Amino acid sequence: LAQAAPTRGDDPGFWLYSSGSTGKPKGAVHTHANPYWTAELFGKPVLGLTEDDVCFSAAKLYFAYGLGNALTFPLSVGASVILMAERPTPEATFQRWTQNHPTVFFGAPTGFAGMLAHPALPAREQVSLRMCSSAGEALPAEIAQRFKAHFGADIVDGIGSTEMLHIFLSNRPDDIRYGTTGKPVPGYEVELRGEDGHAVADGEIGDLYIKGPSTALMYWCNREKTRDTFQGAWLKSGDKYVRDADGYYTYAGRSDDMLKVSGIYVSPFEVEATLMQHPAVLEAAVVGKMDKDGLLKPKSFVVCKAGQTVTEQELKAFVKERLAPYKYPRFVEFVDELPKTATGKIQRFRLRDSAP
């Protein structure tokens with residue numbers, strides 16, 4: 001047998017590429033120890049995985065989320081894993097739920113929404129789910145509540161990144177506040193900073209920075225992006241968040257996606273989550289579009305549920321009733337589907353390109 005290389009925990013171990021939700025994928029260089037840290041800090045203590053669990057991940061092994069869900073987390077505790085080569089369509093997912101009986105399912109908001117709207121949704125007694133995990137994008141509270149009502153299983157929503165290898169900010173099975181991303185995972189530090197680089201007060205939107213042992217070393221062959229993202233011990237996530245007085249963090253949007261309407265920041269995610277509360281709406285994405293006066297206003301791209309319709313005016317009125325008036329989408333475009341990465345993240349940069 002070949003001799004194992006004399007590597008150490010902080011040596012470069014593998015390159016993991018981002019999904020491309022904001023443009024061209026970037027290669028994050030991770031160390032040999034980083035998978036260990038994600039299992040020790042999140043897989044075991046937060047998710048509470050044991051050898052009795054059967055894990056099934058919609059995200060594939062070549063993504064950071066799937067790598068933890070379907071390899072390092074279950075194998076670190078001796079749990080079983082279901083691997084699926086085909087696309088995680090509702091039909092394919094339901095087949096595994098009812099035949100292989102996973103106890104923990106790892107998905108994304110887009111997938112959960114699609115499954116809840118599918119006519120073949122299994123009954124609660126047909127599945128063995130004790131818990132689900134969601135990441136990739138913030139989980140709208142309405143989706144989580146409908147899922148819990150149908151299956152009796154909570155969806156633990158968190159945020160991670162390719163650069164951090166897995167989730168660093170999350171709800172917990174015994175501490176879930178739907179509509180938020182929970183609190184920092186023990187072992188990670190989180191800061192929200194304003195444009196001046198200083199911490200913002202509770203209730204104010206700030207840029208999310210993270211510090212923890214699973215941080216990548218750099219982007220491979222991308223010095224400019226490396227210097228912008230990896231800032232000493234801290235990593236600049238590119239996400240905007242707001243923290244409430246109880247310490248729970250709520251997603252406001254990607255920094256590149258934030259809209260300044262009438263001089264005030266508008267979170268696209270807040271408008272999207274509101275649109276998805278309408279019974280006819282399956283999915284929604286919001287970007288900025290210039291109006292006839294050259295001012296930036298929200299534009300929504302909406303996918304309706306099969307066999308259902310709603311008018312542009314009805315949706316505008318629906319949002320106006322629930323949010324501050326300046327946040328409602330001035331433009332609404334109905335589409336058959338939204339552009340997404342392989343992990344289910346909406347590629348808003350492509351929608352921005354189509355809404356000049």
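Guide: Two strands are said to pair if DSSP finds at least two bridges between them, while the strands themselves (E, at least two residues) and the helices (H or I, at least four) are DSSP runs, numbered from the N terminus. The model is predicted, with local features requiring pLDDT of at least 70 and side-chain atom pairs 80 or more, whereas totals for chains, interfaces and linings use all residues. Residues are numbered from 1 along each chain as its sequence is written, and side-chain values rest on heavy atoms, without hydrogens or water.

Visitor: How do you know that E7 pairs with E8, and in which sense do they run?

Guide: Strand E7 is joined to strand E8 (residues 167-170) by 3 bridges, which satisfies the requirement of at least two, and the two run antiparallel. One such partnership sets Gly-158 against Ser-170 in E8, and in the hairpin, with 6 residues between the strands, Leu-165 adopts a positive phi near 80°.

Visitor: What makes E6 a partner of E7, and in which sense?

Guide: Strand E6 (residues 131-134) shares 4 bridges with E7 in the parallel sense, and Cys-132 stands opposite Ile-155 of E7. The chain passes from E6 through helix H5 (residues 141-151) to E7 in a β-α-β crossover that is right-handed, a term meaning that, with the strands pointing away from the viewer, the path from the first strand over the helix to the second runs clockwise.

Visitor: Why is strand E7 described as largely enclosed by the rest of the structure?

Guide: Of the 7 residues in E7 (residues 154-160), 5 are buried, so the strand is largely enclosed; buried means under 20% relative accessible area, exposed over 50%, and partly exposed in between (1.4 Å probe, protein chains only).

Visitor: What makes the contact between Lys-327 and Glu-270 a salt bridge?

Guide: The N to O distance is 2.9 Å, which meets the rule that a side-chain nitrogen of Lys or Arg lies within 4 Å of a carboxyl oxygen of Asp or Glu. Lys-327 sits in the loop between helix H8 (312-322) and strand E20 (331-334), and Glu-270 in helix H7 (residues 268-275), 57 residues apart.

Visitor: Why is Lys-327 called buried, and how does Glu-270 count?

Guide: Lys-327 has 13% relative accessibility and therefore counts as buried, whereas Glu-270, at 29%, is partly exposed.

Visitor: How do you know what separates Glu-142 from Arg-146 in helix H5?

Guide: Being 4 residues apart in H5, Glu-142 and Arg-146 are separated by about one helical turn, and their closest N and O atoms are 3.2 Å apart, which makes the pair a salt bridge. Arg-146 is partly exposed at 28% relative accessibility.
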